[in-house]
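Hi everyone, thanks for making time for this. I'd like to walk you through one structure, so please have it open as we go.

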Amino acid sequence: MSDTPPSPADAPIPAEYREVLALIPLVAAYFQRARGDMSGEILEAFRTHGLTARHGAALPHLLGTHAMTVTELSRRLGISLSTASELVGDLSRAGWVERREDPDNRRRTLVSIADRHRPMIEAFIARRSAPLVRVLRDLSPQDREGFVTGLTAWAHEVRDWRPATP
């Protein structure tokens, strides 16, 4: 028997966390059903161009009013710069995003949703985010702040998490 205390990953799950942990598969199932909410045109583009959920995850980040750099997109998605560049290249070849040189720094590339696809992507994101928006709207300001704080902390924790090897 070792005198080494168990790592936090090996520790039993406290009872007060079990109810929350049981909700995770429900949320995961919601995200897995995203293709069911896509318009026929989006589905066809994903199929034709071999786009995946990872490509789809980039689109909401690119809906802002201004273009962003590939570096900023990689940081937001928690992926390497080379992976973000590959995603942007795939989306560009499929016609979903536009790339242009940054007028302030010609070494940087700015990326944005192609204007012709913007309304379709906005509609898709609005459909997919409706349940979350309803929940956030119904929470008190204090509960909303706590929810956003907790969700943000969890997203940052799992972004680079790798399970401990036994």
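Let's begin with Arg118, which is buried, because its relative accessible area is 17% and the limit for buried is under 20%. Its salt-bridge partner is Glu122, and the closest N and O atoms of the two are 3.9 Å apart. Why are these two separated by about one helical turn? Because Glu122 and Arg118 are 4 residues apart in helix H6. Glu122 counts as partly exposed, because its relative accessibility is 39%. So in this pair we have a buried arginine and a partly exposed glutamate.

One thing to say early: this is a predicted model. The chain has a mean pLDDT of 88, and 93% of its residues reach 70 or more. Where is confidence lowest, and where is it highest? It is lowest in helix H1, residues 15-32, at a mean of 86, and highest in H5, at 95.

Back to our arginine and its surroundings. Leu63 sits in the loop between H3 and strand E1, which covers 68-69. If we skip residues up to four places away in sequence, Leu63 touches Ile113, Arg118, Ile121, Glu122 and Ile125. Both members of our salt bridge, Arg118 and Glu122, are on that list. Is Leu63 buried or exposed? Leu63 is buried, because its relative accessible area is 17%. For a sense of distance, the C-alpha atoms of Leu63 and Glu86 are separated by 19 Å, and these two are 23 residues apart along the chain.

Now the other salt bridges. How many does the structure hold? The answer is 7. As a reminder, side chains of opposite charge can pair when their charged atoms come close. One of the pairs is Asp90 with Arg93, where the closest N and O atoms are 2.6 Å apart. Both residues lie in helix H5, 3 residues apart, about one turn of the helix. Arg93 is exposed, because its relative accessible area is 60%. Another pair is Arg106 with Glu101, at 3.9 Å between the closest N and O atoms. Here Arg106 is exposed, with a relative accessible area of 67%, and Glu101 counts as partly exposed at 48% relative accessibility.

Let's go inside. In soluble globular proteins, nonpolar side chains tend to be buried together. The largest nonpolar core here has 26 residues, and Ile42, Trp96 and Val97 touch the most other members. Which elements each supply at least two residues of this core? They are helix H2 (40-49), helix H3 (53-61), helix H4 (70-77), helix H5 (81-93), strand E3 (105-113) and helix H6 (118-138). H5 gives the largest share, 4 residues. Take Ile42 as an example: leaving aside neighbours within four places in sequence, Ile42 is in contact with Trp96, Met120, Ile121 and Phe124.

Two serines are worth a look as well. Ser112 lies in strand E3, and Ser112 counts as buried because its relative accessibility is 15%. Beyond its neighbours within four places in sequence, Ser112 is in contact with Leu62, Ala67, Trp96, Val97 and Glu98. You'll recognise Trp96 and Val97 from the core.

The other serine is Ser74, found in helix H4. Ser74 counts as buried too, because its relative accessibility is 7%. Not counting residues up to four places away in sequence, Ser74 touches Ile79, Ser80, Leu81 and Ala84. How does Ser74 sit relative to Glu122, what is the spacing? They are 48 residues apart in sequence and 21 Å apart in space, C-alpha to C-alpha.

Last stop, the surface. A nonpolar patch there has about 1000 Å² of accessible area together, and its members are Ile13, Tyr17, Leu21, Ile24, Leu132, Phe147, Val148, Leu151, Trp154, Val158 and Trp161. H1 and helix H7 (141-159) are the elements that give two or more residues to the patch, and the largest share, 5 residues, comes from H7. Ile13 lies in the segment before H1. Why does Ile13 count as partly exposed? Because its relative accessibility is 44%, and partly exposed falls between 20% and 50%.

That's my tour, and I'm happy to go back to any residue on the screen.

Methods: Residues are numbered from 1 along each chain as its sequence is written. This is a predicted model: local features need pLDDT of at least 70, side-chain atom pairs count only at pLDDT 80 or more; totals for chains, interfaces and linings use all residues. Side-chain values use heavy atoms; hydrogens and water are left out. A nonpolar core is a set of buried Ala, Val, Leu, Ile, Met, Phe, Trp, Tyr and Cys residues joined through side-chain atoms within 4.5 Å. Buried means under 20% relative accessible area, exposed over 50%, partly exposed in between (1.4 Å probe, protein chains only). Contact means heavy atoms within 4.5 Å. pLDDT is the predictor's confidence in each residue, from 0 to 100. Patches are made of residues with over 30% relative accessible area and no salt bridge: like charges are joined within 9 Å, nonpolar side chains (Val, Leu, Ile, Met, Phe, Trp, Tyr) within 5 Å. Accessible areas come from the Shrake-Rupley method with a 1.4 Å probe; for residues, only the protein chains shown count as cover. A salt bridge is a side-chain nitrogen of Lys or Arg within 4 Å of a carboxyl oxygen of Asp or Glu.
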